[in-house]
Amino acid sequence: MQGILIIDFGSQFTQLIARKVRQLGVYCEIVAPDSAIHAYLENNTVWGIILSGSHQSVDDATFIPIPEVIWHTQRPVLGICYGMQAMVKSFHGQVMASATREFGYAKIQMALESPLFFDWQPGQELEVWMSHSDTVHQLPQEFKCLARSENGFMAAIEHKQYPWFGLQFHPEVNHTQGGTKILSNFLFKICGASKNWTVEDIAWQSIASVRTQVGHGTVVLGLSGGVDSTVTAVLLQQAIGRQLHCVFVDHGMLRYNDRLEVEMIARQFSLQVAYVDAHVEFMKQLQGITNPEDKRKRVGKAFIDVFKHYIHQHFGVEAKFLAQGTIYPDVIESGGGSRVTIKSHHNVGGLPANLGLELVEPIRKLFKDEVRSLGEKLGVPKPFLQKHPFPGPGLAVRILGEVKPEYIAMLRQADQIFIETLLTEKDGDTDTNWYQKCSQAFAVFLPVKSVGVMGDGRTYEYVIALRAVLSDDFMTADWLDLPHSLLKKIATRIINEVKGVNRVVLDISSKPPATIEWE
Ligand code: XMP
């Protein structure tokens with residue numbers, strides 16, 4: 001590769017750094033701070049290195065030092081937060097826990113000129129985003145301080161001889177004033193990087209490498225109807241045409257329009273799709289099961305069984321390749337890109353190696369926003385690309401406890417009313433509808449009954465909860481404050497139209513501590 005290397009010390013912001021770098025048109029990869037870096041630097045053209053933040057402190061027993069090889073290469077380095085502190089420690093400076101912590105907005109003042117702050121003069125102030133309790137107390141003699149915070153803490157440093165910089169704040173976070181400009185200065189003025197990352201590049205590279213990988217072989221793709229597997233299907237169709245066979249497994253816990261939308265895309269792009277109706281098998285697996293993890297595992301296993309069976313029956317030994325819509329966050333979060341495993345990728349489409357098929361993952365290096373741009377370039381309709389994520393186990397994790405066909409029917413209808421209303425109602429005078437404003441919205445079925453009154457009679461019926469969140473990466477999320485008038489419209493429709501439901505509640509929990517899904 002030619003690009004920027006991001007060394008991940010475990011910060012929740014590492015992916016954000018990578019996305020910002022790529023949005024500036026420069027390719028980058030995230031790697032773990034281990035011995036493999038040596039070979040990586042030897043085999044790739046690395047224009048510069050960014051050291052991420054961390055959930056750790058440099059004084060922890062498990063402190064991860066910066067691999068020495070980085071200093072030997074003499075390439076430009078930017079240490080962010082922990083990255084700066086670890087840099088200071090590498091040069092025998094002092095980092096200490098401070099009584100005053102800086103979290104959230106902070107003001108910094110420039111002390112010296114630097115190419116990193118190309119557009120700012122000494123004395124100028126910037127509003128930045130901080131998230132630290134340790135601070136640099138003593139700077140190594142090889143470094144100078146470029147800026148300080150209002151509390152007098154060192155906010156930016158630079159090596160006196162080499163292009164090595166440290167920032168105590170987070171330039172990758174939108175709240176940091178001029179953050180993108182600082183990153184851009186690092187990439188283009190300091191590293192001399194070239195713009196080498198456009199959607200066209202991505203498309204052509206992927207198409208070419210898929211053609212080389214599969215030759216004339218038959219490729220089977222599990223199409224879920226989500227954005228990732230759909231963009232993968234359309235890309236593969238362009239690369240290998242009729243060699244691609246898509247399999248859409250309907251587990252009976254899909255949303256109202258899921259299958260229809262897949263059929264529409266399949267027609268538009270002439271995809272060969274086999275629709276496998278397996279809802280009976282899945283319901284059998286879930287009967288009497290109430291534990292969320294058991295439910296997930298059973299859905300996952302049933303999915304693999306159905307898929308495997310279908311492939312053996314229809315392709316036999318002819319199927320050589322299995323395509324998946326794995327994307328970069330799936331790889332990183334499963335520990336594939338960094339030392340720190342955040343969570344195992346739990347997509348039900350994650351099929352096991354024992355299928356005996358070679359994997360084809362053409363969008364493995366892409367972030368979600370890049371997948372959407374690629375989809376747009378390939379002609380996938382925009383509303384489809386803006387679809388909210390939907391968990392592999394589907395409505396099974398949105399029905400608390402045991403899944404029953406009548407619960408699925410009530411939930412599917414309530415969810416459709418919720419989504420339809422969000423799609424049709426605009427936010428004030430803007431062109432944006434409420435569906436586009438939120439990152440994910442859905443209804444949840446609560447199998448508890450409460451008393452109500454309808455007409456002249458009392459009712460004793462189920463509860464639907466509404467969940468709408470804002471999130472950048474789905475690792476953290478905030479609940480979205482939907483207008484009361486909109487909520488009222490949705491609740492009224494659900495109660496009037498969904499038989500068996502007499503109460504609607506709103507979920508106002510953030511993640512953490514709640515998760516986005518209820519199970
Ligand atoms: P949580 O509930 O962990 O969800 O806050 C974070 C994001 O992941 C999605 N999610 C899943 N996606 N299979 C998937 O493919 C799953 O089992 C699964 N569980 C959660 C969730 O919808 C949210 O976008």
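## Helix 16 and its two faces

In this predicted model, the face of helix 16 that is turned away from its buried side carries the exposed residues His484, Ser485, Lys488 and Asn496. The buried residues of the helix are Leu486, Leu487, Ile490, Ala491 and Ile494. Seen down the axis of helix 16, these buried residues fall within an arc of 130°, so they line one face of the helix. A general property of helices helps in reading this pattern: an α-helix has 3.6 residues a turn, so residues three or four places apart point the same way.

The length of helix 16 can also be checked against expectation. The helix covers residues 484–497, and at 1.5 Å a residue its 14 residues should span 20 Å. The C-alpha atoms at its ends are 20 Å apart, which agrees.

## Two residues in and beside helix 16

Is Ile494, a residue of helix 16, buried or exposed? Its relative accessible area is 0%, and because buried means under 20%, Ile494 counts as buried. Ile494 and Ala233 stand 261 residues apart along the chain, and their C-alpha atoms are separated by 35 Å.

Pro483 has its place in the loop between strand 17 (478–479) and helix 16. With a relative accessible area of 28%, Pro483 is partly exposed. In sequence Pro483 and Asp427 are 56 residues apart, while in space they are 8.9 Å apart, C-alpha to C-alpha.

## The second largest pocket

The second largest pocket holds about 980 Å³ of space. Its lining consists of 37 residues, and those nearest its centre are Gln12, Phe13, Trp129, Ser131 and Val173. Four elements give two or more residues to this lining: helix 1 (14–23), helix 4 (82–90), strand 5 (94–110) and strand 6 (125–138). Which of the elements gives the most to the lining of the second largest pocket? Strand 6 does, with six residues.

The character of the lining is mixed: it divides into ten nonpolar, 20 polar and seven charged residues. Residues of domain 1 (3–190) and of domain 3 (398–506) both take part in the lining, so the second largest pocket lies between these domains.

## The enclosed cavity

Empty space inside a protein can be found by calculation. Rolling a probe the size of a water molecule over the atoms shows where empty space is left. How many cavities of 30 Å³ or more does the count give? It comes to one.

The largest cavity has a volume of about 40 Å³. Its lining is formed by Leu223, Gly225, Thr230, Val262, Ile265, Leu271 and Phe384. Of these residues, five are nonpolar, two are polar and none is charged.

## Backbone angles that depart from the usual

Most residues other than glycine have a negative phi, and most peptide bonds are trans. Cys81 and Ser270 are residues to examine with regard to phi. Cys81 has a phi near 55°, a positive value in a residue other than glycine. Its place is in the loop between strand 4 (77–80) and helix 4, and at 7% relative accessibility Cys81 counts as buried. Ser270 also has a positive phi, near 55°, and is a residue other than glycine. Ser270 is found in the loop between helix 8 (258–269) and strand 12 (273–277). With a relative accessible area of 45%, Ser270 is partly exposed.

Where the peptide bonds are concerned, the segment after strand 18 (501–506) is of interest, for Pro512 is found there. The peptide bond from Lys511 to Pro512 is cis, with omega near -15°. The peptide bond that leads from Pro512 to Pro513 is cis as well, with omega near 5°. Pro513 likewise lies in the segment after strand 18.

## A buried glycine in strand 1

Gly3 is found in strand 1, which covers residues 2–7. Its relative accessible area is 0%, so Gly3 is buried. Gly3 and Ser373 are 370 residues apart in sequence, and 20 Å separates them in space, C-alpha to C-alpha.

Key:
Residues are numbered from 1 along each chain as its sequence is written. This is a predicted model: local features need pLDDT of at least 70, side-chain atom pairs count only at pLDDT 80 or more; totals for chains, interfaces and linings use all residues. Side-chain values use heavy atoms; hydrogens and water are left out. On a 1 Å grid over the protein atoms alone, a cavity is a set of points where a 1.4 Å probe fits but cannot get out, and a pocket is an open set with protein on both sides within 12 Å along at least five of seven lines; lining residues have an atom within 4 Å of a point. Grid points are joined across faces, edges and corners, and a volume is the space filled by probe spheres set on the points. Ala, Val, Leu, Ile, Met, Phe, Trp, Tyr, Cys and Pro count as nonpolar, Asp, Glu, Lys and Arg as charged, and the others, Gly among them, as polar. Domain bounds come from an automatic or database domain assignment. The expected span of a helix is 1.5 Å times one less than its number of residues. Buried means under 20% relative accessible area, exposed over 50%, partly exposed in between (1.4 Å probe, protein chains only). The arc is that of the directions from the helix axis to the C-beta atoms.
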